[in-house]
Amino acid sequence: MGDADACRAELEKLLKQRGNDCCADCQVKDPDKVDWCSSNLGIFLCIDCSGAHRNMGTHISKVRSVRLDAWTEDLVANMREVGNVKSNEKYEANVPACYKKPTWEDAQVLREQWIRAKYEREEFLTTSSPASYLTGVKEGFLNKKGKVNQKWPKRYFSLETQNLNYFKEKTDKVPKESLPVADINVTVADEKTGKPFSLQLTCQGRNYFVSADNGKDMVDWLNAIRAAKYALLGRNVAGKSRDEVSALLSKDLVMQGWLQKCGEVNKTWKRRYFTLDTKALYYFKEPMDPFATGEVPMGSESRGWVVKSAPNLNADKGCCFTVFSPEQQRTYEIVGENSEECSRWVGAIQSVIDSLSPQS
């Protein structure tokens, strides 16, 4: 066996070790994806995160393919010496509980800024000072979508301990609106808005859409809001796991997309944009409407909530499912594009119903 073959064979063995068998940054565990490395950092990566490493430049991370690039013994020795577990012990030593640590399921902008925070800015080393956004105080301009029109004018936002305020002008003394931090849920909204670096803020039944000028500022706002909520929770987070704390600070939508809904009275079918979170199923005339047209509250199966496929409900529509809400004493008839989409919605809604069931 030649030197190159021997190096590649050892890399293959290293890939199978605990910690190396998933991406160092997003934790995806897929042999077809975790096929890349940062040879100077000594870590194994998935193909998606390797792109973010490349974007930082070779002075920070030197990306190589496990199987396609040539390897020398010196390079392999560094992979052997470091590895994902040891690297993360260093670069994730001081990740705050309020920081949204992304996985492979999260938006690319979250993953890229997480990677830059780890290796480029070195925000989470034991010797690092806390980043300014972690104080839960932040101010600056964001583009805010109009409540009625499609314009995105710049507005000045100021995040304080209790409230997120926004002003038409930076010099204004009185905010246009003040949102209680405790009631805000913040999620990435690039896909919904079609604008890069955008966020959806949901507060007291209304959706607000804002966009930043770059990925770092967007992620800083997201984590600043989470940090402010974390400070308000105080001792209420004691003893909770990182995942439990994260869920208290912000929750991503379980599922969203276009469906058709049958009217309760006139029985006409209308196309609506549906969003599902851990409390309810909402529907809107348009994805970025500030208020939902209607809401289907979620509850446990033991209290009567039922979701099920209904392929024979409507011969003209085909792929149907129903949701029964005992709270409203109503069965909602809903249509998807195809059977696969209906199955995904039924599974997602069932998962929410199951999560609300009493734990035995």
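These are my notebook entries on strand pairing, ring contacts and salt bridges in a predicted model.

**Entry 1. The sheet of strands 1 to 3**

I began with the sheet that holds strand 1. I found an open sheet of 3 strands in the order 2-1-3, with antiparallel pairing. Strand 2 (43–45) and strand 3 (63–65) are at the edges; each has a single partner strand, so one side of each lacks a neighbour in the sheet. I noted an average turn of 35 degrees between neighbouring strands of this sheet, direction ignored.

I then looked up the register of one pair. Strand 1 (residues 36–38) is joined to strand 3 by 3 bridges, and the two run antiparallel. Within strand 3, V63 is the residue that stands opposite S38.

**Entry 2. Strand 11 and its partners**

I next followed strand 11. Strand 11 (residues 255–262) pairs with strand 12 (residues 269–276) over 8 bridges in the antiparallel sense. I took L259 as a reference point and found R272 in strand 12 as its bridge partner. The hairpin of strand 11 and strand 12 has 6 residues between the strands, and K267 in this hairpin takes a positive phi near 60 degrees.

Strand 11 also pairs with strand 17 (residues 330–335), again in the antiparallel sense, over 2 bridges. Here I recorded Q260, whose bridge partner in strand 17 is V335.

**Entry 3. Aromatic pairs**

I searched the whole structure for aromatic pairs, and the search gave 11. I examined F157 and W221: their ring centres are 6.4 Å apart and their planes stand at 75 degrees, so I entered the pair as edge-to-face. The pair links distant parts of the chain, since F157 belongs to strand 5 (residues 154–159) and W221 to helix 7 (residues 215–233), 64 residues apart. Is F157 buried or exposed? F157 has a relative accessible area of 2% and is buried, the cut-off being under 20%. W221 counts as buried at 2% relative accessibility.

I also noted a cluster in which ring pairs link Y99, W114, F124 and Y133.

**Entry 4. Charges over rings**

I looked for charged ends placed over tryptophan rings and recorded two cases. The charged end of K195 sits over the ring of W152, at 5.1 Å from the ring centre. The charged end of R271 sits over the ring of W258, and the distance to the ring centre is 4.1 Å.

**Entry 5. Salt bridges**

How many salt bridges does the count come to? I recorded 20 salt bridges.

I first took D25 and K118, whose closest N and O atoms are 2.7 Å apart in a salt bridge. D25 lies in the loop between helix 1 (3–15) and strand 1, while K118 lies in helix 5 (residues 108–120), so the pair ties together parts 93 residues apart in sequence. I checked the accessibility of both partners. D25 counts as buried at 2% relative accessibility, and K118 is buried with a relative accessible area of 0%.

I then turned to R111 and D48, a salt bridge in which the closest N and O atoms are 3.8 Å apart. This pair also links distant parts of the chain: R111 is in helix 5 and D48 in helix 2 (residues 47–56), 63 residues apart. Its partners fall into separate accessibility classes, as I noted: R111 counts as buried at 9%, whereas D48 counts as partly exposed at 34%.

A further salt bridge that I looked up joins the side chains of E73 and R80, at 3.0 Å from N to O. E73 counts as partly exposed at 41% relative accessibility, and R80 counts as partly exposed at 38%. I then traced the salt bridges that share partners, and these join D25, E92, K101 and K118 into one network.

**Entry 6. S241**

Where is S241 placed? I found S241 in the loop between helix 7 and helix 8 (242–249). S241 counts as partly exposed, with a relative accessibility of 34%. I compared its position with that of A97: the two residues are 144 residues apart along the chain, and their C-alpha atoms are separated by 9.2 Å.

Key. Residues numbered from 1 in each chain as written. Predicted model: local features only at pLDDT ≥ 70, side-chain atom pairs only at ≥ 80, totals over all residues. Heavy atoms only, no water. Pairing = 2+ DSSP bridges. Helix = DSSP H or I, 4+ residues; strand = E, 2+ residues; numbered from the N terminus. Axes fitted to C-alpha atoms, helices over the stretch in contact; angles between N-to-C directions. Phe/Tyr/Trp six-rings, centres within 6.5 Å; stacked < 30°, edge-to-face > 60°. Buried < 20%, exposed > 50% of the residue type's maximum accessible area, 1.4 Å probe, protein only. Lys NZ or Arg CZ within 6 Å of the ring centre and 35° of its normal. Salt bridge = Lys/Arg side-chain N within 4 Å of Asp/Glu carboxyl O.
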